[in-house]
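Here are a few notes to read alongside the model, in the hope that they help you find your way around. Have a look at the structure first, then go through the points at your own pace.

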Amino acid sequence: MTDCISYFDESGDEATFVVGGLTSTAARWDALAHDWALALATAPAIPYFKFNNAHKLSAADHGAKIDALIAIINQHAMRADAGIVDVGEYEVY
């Protein structure tokens with residue numbers, strides 16, 4: 001059996017609740033975390049990544065940072081999951 005590590009995060013508003021997660025082996029997760037930190041530190045550096053926070057980057061630089069981080073996820077994550085809940089429908093249920 002292989003030990004795996006997963007990271008999940010949630011976001012939402014009054015209309016929608018979203019949760020997403022990544023899973024990988026411990027070794028691959030360590031490599032992801034290392035490469036992620038390097039990508040954030042690469043000029044123009046940002047302290048953390050949040051999709052809707054461009055950290056005053058130009059649109060091109062923000063897009064390039066997103067592309068770099070997606071490449072890191074694709075390289076190291078074994079699984080990605082997302083769930084989206086319509087809050088109104090959930091409340092009816």
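1. Let me begin inside a helix: H62 sits in helix α2, which covers residues 59-76. Please keep in mind throughout that this is a predicted model.

2. Is H62 buried or exposed? With a relative accessibility of 15%, H62 counts as buried, because the limit for that class is under 20%.

3. Which residues touch H62, once its neighbours within four places in sequence are left aside? The contacts are F49, F51, N53, A54 and L57. For F51, eleven residues away along the chain, there is also a C-alpha distance to H62, and that is 9.0 Å.

4. Now to the sheet. Three strands make up an open sheet, ordered β1-β2-β3, with antiparallel pairing. The edge positions belong to β1 (4-12) and β3 (79-86); each has a single partner strand, so one side of each lacks a neighbour in the sheet. On average, neighbouring strands here are turned by 15° against each other, with direction ignored.

5. As a general reminder, strands of a sheet pair through backbone hydrogen bonds, in a parallel or an antiparallel way. In this model, β1 and β2 run antiparallel and are joined by nine bridges. If you would like a place to look at, S11 stands opposite V18 in β2.

6. Helix α1, made of residues 26-41, lies across β1 and β2. Its direction is at about 115° to β2.

7. A26 belongs to helix α1. How accessible is A26? Its relative accessibility is 32%, so A26 counts as partly exposed, because that class lies between the 20% limit for buried and the 50% limit for exposed.

8. Apart from neighbours within four places in sequence, A26 is in contact with D3 and I5. A distance you may like to check is the one from A26 to A68: these residues are 42 apart along the chain, and their C-alpha atoms are separated by 21 Å.

9. Finally, the surface. Which residues make the nonpolar patch? F8, F17, V19, V85 and Y90 do, and the patch comes to about 470 Å². One of these, F17, lies in strand β2, residues 16-25. F17 has a relative accessibility of 37% and therefore counts as partly exposed. That value also fits the patch rule, because residues in a patch need over 30% relative accessible area.

Conventions
Residues numbered from 1 in each chain as written. Predicted model: local features only at pLDDT ≥ 70, side-chain atom pairs only at ≥ 80, totals over all residues. Heavy atoms only, no water. Patch = residues over 30% accessible without salt bridge, like charges linked within 9 Å, V, L, I, M, F, W, Y side chains within 5 Å. Areas by Shrake-Rupley, 256 points an atom, 1.4 Å probe, with all protein chains shown as cover. Salt bridge = Lys/Arg side-chain N within 4 Å of Asp/Glu carboxyl O. Helix = DSSP H or I, 4+ residues; strand = E, 2+ residues; numbered from the N terminus. Buried < 20%, exposed > 50% of the residue type's maximum accessible area, 1.4 Å probe, protein only. Pairing = 2+ DSSP bridges. Axes fitted to C-alpha atoms, helices over the stretch in contact; angles between N-to-C directions. Contact = heavy atoms within 4.5 Å.
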